[in-house]
Amino acid sequence: MKSTLKRAGYGKVQRQMNDVFIQFTSRIIFLIVLLFAAKLFMDGHYAPGSGFVGGLLIASAIILLLMAFDFQTVRKMIPINFHIMISAGLSIVLLVPTLLFLFGKPFFTHQHTYINLPIFGEVALHTAVPFDFGVLLTVAGTSLLIVSLVGGQED
Amino acid sequence: MALIHLAIFLPVIAAILIAIVYRYVKDVHLGWFALIVPAAIAAYLFTLIPTVSNDGPLHYTLNLMPRIGMNFDVYIDGLGLLFAILISGIGTLVVLYSIGYLSKSERLGNFYVYLLIFMTAMLGVVLSDNVLMLYFFWELTSISSFLLIAFWYKKDKSIYGAQKSLLITFFGGFMMLGGFIVLYIITGTLSIREMIANVDLVIDSNLAPLAVVLVLLGAFTKSAQFPFYIWLPDAMEAPTPVSAYLHSATMVKAGLYLVARFTPVFAFSELWVWLILLVGLFTLLWASFNAVKQDDLKGVLAFSTVSQLGLIMSLLGAGGLAVNSGANESIFTVAVVAAVFHIINHATFKGALFMIAGILDHETGTRSIRKLGGLLTIMPITFTMTIITALSMAGLPPFNGFLSKELFLEAMFELSNANFSVLADWSVLFPILAIVGSIFTFVYSIKLIHGVFLGDRTHETPKEPHEAPALMLISPIILSALVVIFGLFPNILSQTIIDPAAMSILATDTQLNTEISHWHGFNNPALWATIAIVVVGLALYLFRHSWMFIYDYHKEQFTLNYLYDQGLIYSQLGSKKATDGVMTGFLRDYMVYIFGFFVVFGIITTFFTGLPIDFDNYSEIGIQDVVLVIIILISLFIIMMTRSRMVSIIMLGAIGYSMALFFAFFRAPDLALTQLAIETVTTTLFLVCFYHLPKKSKHEEAVGFKFTNFMISVGVGAIVILFGLAAYSNRLFESISKYHIENVYELAAGGNMVNVILVDFRGYDTLFETLVFGIAGIGIYALMKAKVKGKDDDNEEHA
């Protein structure tokens, strides 16, 4: 945090300010936010939530880490290349409607069935889920790419 | 999804696979992998020939978006099948040739991907029944042709030629789309078959001439007819396999296909028939005249292609008369048969000639006829092939060009005798134009043979010439063999391929039972015309130096190329001037334009229509709403007054979170969640951006500047409030949410209406917005990297 403020142009930062506190808590909060993002994503079709919010929350979680640590450390912690995230997201978003062709229905008609799993009981399988997942990847990837670029990523 | 849909999309799917393969396999020439695709498609199409010629056309549908009528309907009749076989068959030979022509150091991955995309697009054009899909594939052929012409993009001429071809063919394609829309307005359908069935509607409509002109613009630009032919000679900058494939055998024939396909719809119109006949004949003459003076091998072949396309176009024009003239039917049927036959023949001999030109270029290092000569002994196989194909082009027996040229001359003579329209007195011109054009065709064919192979060896060639390797020779040998075979045994083709195609053009079911014979009798004027052509042509060639001076008599300003170039330069200058006046480079100015116009527009609307605001329907305002509004107002006040950037950002964040609370109060949890998440991310972005902003300057803006900002801001705020209130007071339509509420569970199996709308009901919208998001990310990446690189360059210069 201190380093972030210093880079933001604040010459005088409180001496007592320590990064330890935020570095400790951010790792826990990161996990909680990530779980919440996953919950929001999976819940989308029946309760508030969707791919967009999920993606943004994932981005927020990683941004929290970026605030606490510097970019190289976060890169080591989460070795995901954001470009690949965006490409994967866009490919899924384009592939899902095209593959729906194979069911013989007009372009982009979603299909759904219900299957029975041992512990969970009756579960719905809907093609909107992979589509939303693609949206999630793209949104998260783009937000993180922009933040890391503007934040001075050396890559 | 039928097998034929797979056949059409196979090249594109293969292109993706081939691009991946190219990354890993570098020692095998990529062409071998690409070869499988057109070969497989050609094999499949050959199996369809008996079905189509015996049972009639096949029809398959694939529903894409039935609600707006955009379906991928495939209609395989004789005409479509003929073209599809040409595309895939010649495609196979061209890919085989390119394996020998292009070395492994070229960007083979790009080349074969573009070529395969072109193959899909062209197959889509000729097999599609839906006019919108036809237009889509048509423009896709223009794009892939552009990419292929500019393949060696380091050369300026390639870029110039590619741009020229794109501009001209896009213009034509757009006009063609307009013609299709007019047809849709007249007939109410987007399917070509149904348009043919409803031809009475077209006959009665007074929009028909407009449709005729627009569709013909598309056909003439793509098939390089006068005056749009100027892109084809410049397209010769492409690698030779591309010239042999696109610019002689397939893509330029798309215009001919369009004319043939729409003949049943438009043939009643005299405008159609006359335009095509005259443009075709004039192109034949003009282009063959210009071909004789060309020095570049490919230049001669380019103009020759334009001229031969004019020939086929004029035959299709004559054939149009067969559709409704009734009495003299058999005469014009001959024209259609001749047209189809010449399409096949031209593909064989012109494709072979282009490949031969490529062989000569590859082996001697030059394409200039002046520098070539006396290669007869060194390249005997190439010489034999040139004799076969060039004499076929000139129209001599026993090659296939002779047969179709005879039919062409016969058709022109019949036209001069027939009495079919107001301008029938001028019809005596047709055989004259045809014969003169054929004379020049003969002259340049002889020039090709004599200038390159006969005579003395010039020693000006850059490389020491020798015969081409076997790989490059196979394809032209096959094509030359076809020239001979079709010349000697034309009836292999006549009942199997030519007749079904001619029948689809004429839209009849009666079998034609064509038989093409070599000898038409001594009375036939076409025979004497051919003899005259040979005699006069030889004379012209032998005494060529005495009359070729007329080629130098042309002023620079009167050429079409000059018109095109000047038009391009002046339109660019003009638009730059207009844009520079408005785009000052300051974001604030653009905002003033946009919002100022919005305010003015709002005031004018209010003035003319009034704002009926009715306060009865409004919901209750609770104490929590008032508190939130006060918080927002305090934050705004602090932002305006403070001098610290950090405080401004935090207050902006406060406003954002208050909005989220508002959404929560108005029972929109999805919106509230999204607003919270976005606010967090953008506040972070602002904080991080701080690093790059310059220090706050002491510069105070002028009072006028601040006053304008104030007026516009207040104006926009007031207008939005007033319009919002007015819109809420007068509900003209029922809310669309009713449909969503009723159907969200049955149709979409979901409970959360907002998400279901995003992903299912309006999923197409989300698809494109995600794409936009991704593009924005990539764009920002590119901008940031470019800026960083620019900075480094500056530092290096000063250091």
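Helices here are DSSP runs of H or I with at least four residues, strands are runs of E with at least two, and both are numbered from the N terminus. With that settled, on to chain B. The model is a predicted one, in which local features need pLDDT of at least 70 and side-chain atom pairs count only at pLDDT 80 or more, while totals for chains, interfaces and linings use all residues. As for labels, residues are numbered from 1 along each chain as its sequence is written, and chains are lettered from A and ligands numbered from 1 in the order in which they are written.

Chain B contains 31 helices and two strands. Its C-alpha atoms fill a box of roughly 105 × 75 × 50 Å along the principal axes. Of its 799 residues, 43% are buried, a label for residues with 20 or more other C-beta atoms within 10 Å of their own (12 or fewer is exposed, anything in between is partly exposed, and C-beta atoms are placed from the backbone). Two residues are in contact if their C-beta atoms, again placed from the backbone, lie within 7 Å. Taking the contacts in chain B between residues at least 6 apart in sequence, 78% join residues at least 24 apart.

Next come some backbone oddities. Most residues other than glycine have a negative phi, and most peptide bonds are trans. The bond joining B:Phe226 and B:Pro227, however, is cis, with omega at about -5 degrees. B:Pro227 sits in the loop between helix H9 (208–222) and helix H10 (231–234). That loop between H9 and H10 also holds B:Ala224, whose phi is positive, near 55 degrees. B:Ala224 has 29 other C-beta atoms within 10 Å, so it counts as buried. A cis peptide bond also joins B:Pro397 and B:Pro398, with omega about -5 degrees, and B:Pro398 belongs to the loop between helix H16 (380–394) and helix H17 (400–417). Positive phi turns up at B:Arg667 too, near 60 degrees. This arginine lies in the loop between helix H26 (645–665) and helix H27 (669–689). B:Arg667 is exposed because just 8 other C-beta atoms fall within 10 Å.

How do the helices pack against each other? Take helix H1 (residues 3–24) and helix H2 (residues 30–55) of chain B, whose axes come within 10 Å and cross at roughly 170 degrees. (Axes are lines fitted to C-alpha atoms, for helices over the stretch in contact, and angles run from 0 to 180 degrees between N-to-C directions.) H1(B) is therefore roughly antiparallel to H2(B); angles over 145 degrees get that name, those under 35 count as roughly parallel, 65 to 115 as roughly perpendicular and the rest as oblique. The crossing of H1(B) past H2(B) is right-handed, meaning that the near helix is turned clockwise from the far one by less than a right angle (anticlockwise would be left-handed). Residues making this contact include B:Leu10, B:Ala14 and B:Ile18 of H1(B) and B:Phe33, B:Val37 and B:Ile41 of H2(B). The contact of H1(B) with H2(B) divides into 13 nonpolar, no polar and no charged residues. Here Ala, Val, Leu, Ile, Met, Phe, Trp, Tyr, Cys and Pro count as nonpolar, Asp, Glu, Lys and Arg as charged, and the others, Gly among them, as polar.

H9(B) pairs up with helix H13 (residues 270–292) of chain B: their axes come within 10 Å and cross at roughly 25 degrees. That angle is why H9(B) counts as roughly parallel to H13(B). The crossing is again right-handed. B:Pro209, B:Val212, B:Leu216 and B:Phe220 of H9(B) meet B:Leu271, B:Trp272, B:Leu275 and B:Val279 of H13(B). By class, that makes eight nonpolar residues, with no polar and no charged ones.

Chain B also touches chain A, in a contact that takes 43 residues from chain B and 47 residues from chain A. On the chain B side, strand S1 (58–65), H27, helix H30 (753–761) and helix H31 (763–798) each supply at least two residues. That side of chain B has 28 nonpolar, 13 polar and two charged residues.

Finally, B:Asn491 lies in helix H20 (residues 491–506) of chain B. With 13 C-beta neighbours inside 10 Å, B:Asn491 is partly exposed. Leaving out residues up to four places away in sequence, B:Asn491 touches B:Glu515 and B:Ile516.
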